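Me: I am new to this structure. Please walk me through it with short questions and short answers.

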Amino acid sequence: QATAAGMGHVLCDASDDADVEVTAELALQSGLPVAASDPLIVALARRLARGRAAVPISARMPDGPVAILAGSTGPVVMEQLARLAGRHPVLTLDLLDARGETAAVGAAPERAAAPGGPFAVSTAAEAADLARTQAALGAIGAARRAEAMLAAVAKGLRDRGRRRFVVAGGETSGAVVAGLGLARARALPEG
């Protein structure tokens with residue numbers, strides 16, 4: 001009704017999955033451009049793909065162990081890192097390392113990498129450490145330092161022959177892509 005009445009922009013606030021589904025359906029029916037967060041974009045994409053056959057994408061994955069780079073401080077990533085730490089090396093970089101950013105980053109690839117197995121390098125911190133870091137650097141400053149450090153770690157790992165990366169955190173992913181100088185990428189399906 002809003003777009004039919006000539007409104008140029010409609011803002012929807014979804015508080016649960018049912019709201020996301022309704023909003024995705026309305027967006028699909030409107031035929032207008034949509035700018036939204038991940039849940040709505042995924043729901044809209046599923047609707048747009050209805051009735052279409054999936055096209056398998058073949059991709060040759062690089063050889064070697066995977067390097068996990070985690071910049072997100074969200075609860076899901078924190079839980080995943082805790083579980084990973086029970087089986088594989090997880091190195092958490094301190095954004096306020098007294099040795100300085102270059103020294104902390106320089107030692108990371110060698111300290112984290114386990115021969116033949118996965119490992120993680122993270123800037124994710126528990127609430128108290130996050131608060132301490134943000135108090136010292138500001139929220140944006142802390143985020144930018146984390147991104148820069150993980151991008152530098154990725155470059156160092158690549159320079160040592162690592163070719164498989166999993167990156168957690170949207171801004172971190174962008175920083176790693178930029179740090180590695182990637183000019184293009186191919187999205188693979190879930191699963």
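What follows is a set of questions and replies about this predicted model.

Me: How many helices and strands are in the chain?
Reply: The model is predicted. Read along the sequence, its elements follow the pattern α-α-β-α-β-α-β-α-α-β-α. That pattern holds 7 helices and 4 strands.

Me: What share of the residues of the chain count as buried?
Reply: To count as buried, a residue needs a relative accessible area under 20%. The chain has 191 residues. Of these, the share that counts as buried is 28%.

Me: What share of the accessible surface belongs to carbon and sulfur atoms?
Reply: The accessible surface of the chain comes to about 12,400 Å². The part that belongs to carbon and sulfur atoms is 56%.

Me: Among contacts between residues at least 6 apart in sequence, what share join residues at least 24 apart?
Reply: Take the contacts in the chain between residues at least 6 apart in sequence. Those that join residues at least 24 apart make up 71%.

Me: Where does leucine 91 lie, and is leucine 91 buried or exposed?
Reply: Leucine 91 lies in strand β2, residues 90–92. Its relative accessible area is 10%. The cut-off for buried is under 20%, so leucine 91 is buried.

Me: How far apart are the C-alpha atoms of leucine 91 and phenylalanine 119?
Reply: Along the chain, leucine 91 and phenylalanine 119 are 28 residues apart. In space, their C-alpha atoms are separated by 8.2 Å.

Me: Which strand holds arginine 164, and how far in space is arginine 164 from alanine 67?
Reply: Arginine 164 lies in strand β4, residues 164–168. At 31% relative accessibility, this arginine counts as partly exposed. Arginine 164 and alanine 67 are 97 residues apart in sequence. C-alpha to C-alpha, the two are apart by 6.1 Å.

Me: How are α1 and α2 set against each other?
Reply: Helix α1 spans residues 17–30 and helix α2 spans residues 38–49. Their axes come within 9 Å and cross at roughly 55°. That angle makes α1 to α2 oblique.

Me: Which residues in α2 does α1 meet?
Reply: α1 passes α2 in a right-handed crossing. On the α1 side are Val20, Glu21, Thr23, Ala24, Glu25, Ala27 and Leu28. In α2 they meet Pro39, Leu40, Ala43, Leu44, Arg47 and Leu48.

Me: Are α5 and α6 roughly parallel or roughly perpendicular to each other?
Reply: The axes of helix α5 (residues 127–137) and α6 come within 6 Å and cross at roughly 105°. The contact is made by Thr133, Gln134 and Leu137 of α5 and Ala139, Gly141, Ala142 and Arg145 of α6. Angles of 65 to 115 degrees fall in one class, so α5 and α6 are roughly perpendicular.

Me: What is the handedness of the crossing of α6 and α7?
Reply: α6 and helix α7 (residues 170–180) pack at an angle of about 45°, with their axes 8 Å apart. The two helices are therefore oblique to each other. Residues in the contact include Leu150, Ala151 and Ala154 of α6 and Ala175 and Val176 of α7. The crossing is right-handed.

Me: How many salt bridges does a search of the whole structure find?
Reply: One of them joins the side chains of arginine 99 and aspartate 97, at 2.7 Å from N to O. Arginine 99 is partly exposed, at 49% relative accessible area. The search of the whole structure finds 11.

Me: Why are arginine 83 and glutamate 79 separated by about one helical turn, and how far apart are their closest N and O atoms?
Reply: Both sit in helix α3, residues 75–85, and because they are 4 residues apart there, about one helical turn separates them. Arginine 83 counts as exposed at 59%, while glutamate 79 is partly exposed at 40%. They form a salt bridge, and its closest N and O atoms are apart by 2.8 Å.

Me: Which residue forms a salt bridge with aspartate 159?
Reply: The partner is 4 residues away in helix α6, residues 139–159. Aspartate 159 is exposed, at 51%, and its partner is partly exposed, at 37%. The N to O distance is 3.2 Å, and the partner is lysine 155.

Key: Residues are numbered from 1 along each chain as its sequence is written. This is a predicted model: local features need pLDDT of at least 70, side-chain atom pairs count only at pLDDT 80 or more; totals for chains, interfaces and linings use all residues. Side-chain values use heavy atoms; hydrogens and water are left out. A salt bridge is a side-chain nitrogen of Lys or Arg within 4 Å of a carboxyl oxygen of Asp or Glu. Buried means under 20% relative accessible area, exposed over 50%, partly exposed in between (1.4 Å probe, protein chains only). Contact means heavy atoms within 4.5 Å. Accessible areas come from the Shrake-Rupley method with a 1.4 Å probe; for residues, only the protein chains shown count as cover. Axes are lines fitted to C-alpha atoms, for helices over the stretch in contact, and angles run from 0 to 180 degrees between N-to-C directions. Angles under 35 degrees count as roughly parallel, over 145 as roughly antiparallel, 65 to 115 as roughly perpendicular and the rest as oblique. A crossing is left-handed if the near helix is turned anticlockwise from the far one by less than a right angle, and right-handed if clockwise.
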